[in-house]
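Colleague: Thanks for making time for this model. Could you walk me through the domains first and the ligand site after that?

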Amino acid sequence: MERVILVRYGEIALKGENRRDFELALKRNIEESLEDLEGVRVRRAHGRFFVEGPGLAVTGAVDRLSRIPGVVSVSPARLVPNDLDEIAGAARDIVAEFIEDGRRSAHHAVSAGPEREGERAIAFKVASKRAWKGFPLTSPELDARIGAFLLRTYPELRVDVHHPSLTLGIEVREDGTYLYSKEIPGPGGLPAGTAGKGVLLLSGGIDSPVAGYLAARRGIRVLALHFWSYPITSQRSRDKVVDLAKILRRYDRSVRLYVAHFTEIQTRIMEKCPEKFRVVVMRRMMMRVAEAFALKKGALCIVTGENVGQVASQTLESLRAIEEVTTLPVIRPLACFDKRETVELARKIGTYETSCLPYEDCCTVFVPRHPATKPGLEESRAAESALDIEDLVEKCVENIEEIPLDADRS
Ligand code: ATP
Ligand code: MG
């Protein structure tokens with residue numbers, strides 16, 4: 001018996017060249033996510049990946065795999081020779097584990113409700129698939145044989161093919177039979193990197209990390225760029241962004257973090273721009289720096305956490321005035337989300353708590369009491385006319401610093 005992890009991915013709408021790229025990228029991303037584990041091999045067969053090796057005994061390998069964009073679901077499995085006794089033995093072990101897990105977890109059907117000795121509390125079914133026709137039993141025959149064997153072995157079990165709490169998957173393939181009982185959903189989407197690179201404007205807020213996750217899930221390789229205005233904003237606010245980037249790395253190991261020193265630009269804006277337009281000018285400057293940086297890095301888009309209508313700087317007029325200064329596509333994955341939906345997703349991906357830590361954003365510090373909510377294009381251009389834009393942007397881009405995200409994993 002060997003332990004393997006089955007990794008399923010979506011292939012719908014993937015044809016020819018695209019599909020090959022998708023599979024290669026996903027394989028690379030899987031390997032990268034497990035590279036610290038001993039002797040792990042990733043093999044593609046039958047339209048899925050099989051991950052094998054001694055290092056998989058480490059708890060967390062399944063969790064890591066279930067976070068990789070492009071992965072539809074993950075099943076820890078056992079691989080045995082195509083022999084009925086071997087299959088039955090593995091089935092018995094998997095059910096034993098399931099029962100044991102149920103005893104440990106208070107929520108499970110086994111421990112819920114009055115439990116009587118010998119009561120058949122666990123609804124189960126066997127779902128066999130005979131992909132290799134050399135095996136003597138058909139799928140329904142295998143279901144029946146293994147099902148009957150399990151019923152004899154475990155008095156806790158009863159068959160329920162419609163609402164099972166335990167489904168034992170059995171796949172008979174030429175190289176052996178795979179058995180599993182868990183199917184952990186992955187994020188779906190496309191493997192990070194297949195769409196090309198994008199510069200993510202990453203603040204310490206709730207929205208932009210979620211936007212980064214969604215971008216990675218559409219195949220965008222995320223280069224996170226944070227605008228930092230030290231000492232107006234503290235070292236702590238920067239550390240917070242580092243923590244957020246590390247959380248994003250759980251989904252895509254290749255996420256990078258860069259810090260743009262923004263103090264000078266902000267100071268000039270304070271000095272030279274009318275207060276009402278400070279925010280829109282600041283955003284335009286961020287966009288210009290982001291664009292220049294994107295071109296330098298070969299990135300094809302800018303990703304932000306902006307949302308329509310949420311705050312003064314995010315009315316359609318503001319968004320238009322901000323976007324005017326770049327020709328790159330600006331991707332706003334949260335544009336039409338409700339805050340509630342964003343928060344839910346932030347919780348799910350694990351950025352919410354870090355985002356909620358108190359910190360000063362360069363925006364919160366600079367926001368005037370009455371910002372223009374509908375800045376026109378002419379007004380916005382006029383508001384920044386006293387700035388030496390080219391020079392400020394060039395200097396800022398030149399001084400962008402990469403922050404190494406150390407190798408700790410979780
Ligand atoms: P977030 O929760 O992401 O901060 P928000 O709803 O608070 O978003 P704003 O603070 O107005 O909105 O920022 C809008 C977007 O601009 C952010 O989602 C982010 O993409 C970008 N942004 C804002 N401040 C910074 C910063 N200091 N560094 C990098 N990007 C930033
Ligand atoms: Mg913010």
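Colleague: Where does the assignment place domain 1 and domain 2 in the protein chain?

Modeller: Happy to start there, and bear in mind that this is a predicted model. The chain is divided into two parts, with domain 1 covering 2-185. The other part, domain 2, covers 196-403.

Colleague: How many residues does each domain bring to the contact?

Modeller: Taken over C-alpha atoms, the centres of domain 1 and domain 2 are 43 Å apart. Counting heavy atoms within 4.5 Å as contact, domain 1 brings 6 residues and domain 2 brings 7 residues.

Colleague: Which three residues supply the most of the area that domain 1 buries against domain 2?

Modeller: The two domains bury about 600 Å² between them, and 54% of that is on carbon and sulfur atoms. On the domain 1 side, 75% of the buried area comes from three residues, more than from any other three. They are E32, R67 and P69.

Colleague: On to the ligand. Which element gives the most residues to the shell around ligand 1?

Modeller: The shell has 21 residues, and the closest are L201, S203, D207, S208 and R283. By class it holds 8 nonpolar, 9 polar and 4 charged residues. At least two residues each come from helix 5 (207-217), strand 11 (220-228), helix 8 (278-297) and helix 12 (362-366). With 3 residues, the one that gives the most is strand 11.

Colleague: What share of the accessible area of ligand 1 does the protein cover?

Modeller: Let's begin with the polar contacts, taking 3.5 Å as the cut-off. A polar side-chain atom of S203 is 2.5 Å from an oxygen atom of the ligand, and a polar backbone atom of D207 is 2.8 Å from an oxygen atom of ligand 1. A polar side-chain atom of H226 lies 3.4 Å from a ligand nitrogen atom. On its own, ligand 1 has 570 Å² of accessible area, and the share covered by the protein is 91%.

Colleague: Which residues does the cis peptide bond join?

Modeller: Look at the loop between strand 11 and helix 6 (235-249), where P231 lies. Omega is about 0° at the bond in question, and the residues joined are Y230 and P231.

Colleague: And what is the value of phi at H46?

Modeller: H46 sits in the loop between strand 2 (41-45) and strand 3 (48-52). Its phi is positive, in a residue other than glycine, and the value is near 50°.

Definitions and conventions. Residues are numbered from 1 along each chain as its sequence is written. Chains are lettered from A and ligands numbered from 1 in the order in which they are written. This is a predicted model: local features need pLDDT of at least 70, side-chain atom pairs count only at pLDDT 80 or more; totals for chains, interfaces and linings use all residues. Side-chain values use heavy atoms; hydrogens and water are left out. A residue is near a molecule or strand if one of its heavy atoms lies within 4 Å of it. A polar contact is a pair of N or O atoms within 3.5 Å; within protein, one must be able to donate a hydrogen and the other to accept it, and residues adjacent in sequence count only if both atoms are side-chain atoms. Accessible areas come from the Shrake-Rupley method with a 1.4 Å probe; for residues, only the protein chains shown count as cover. Helices (H or I, at least four residues) and strands (E, at least two) are DSSP runs, numbered from the N terminus. Ala, Val, Leu, Ile, Met, Phe, Trp, Tyr, Cys and Pro count as nonpolar, Asp, Glu, Lys and Arg as charged, and the others, Gly among them, as polar. Domain bounds come from an automatic or database domain assignment. Buried area is the accessible area (1.4 Å probe) that two parts lose on being put together, summed over both.
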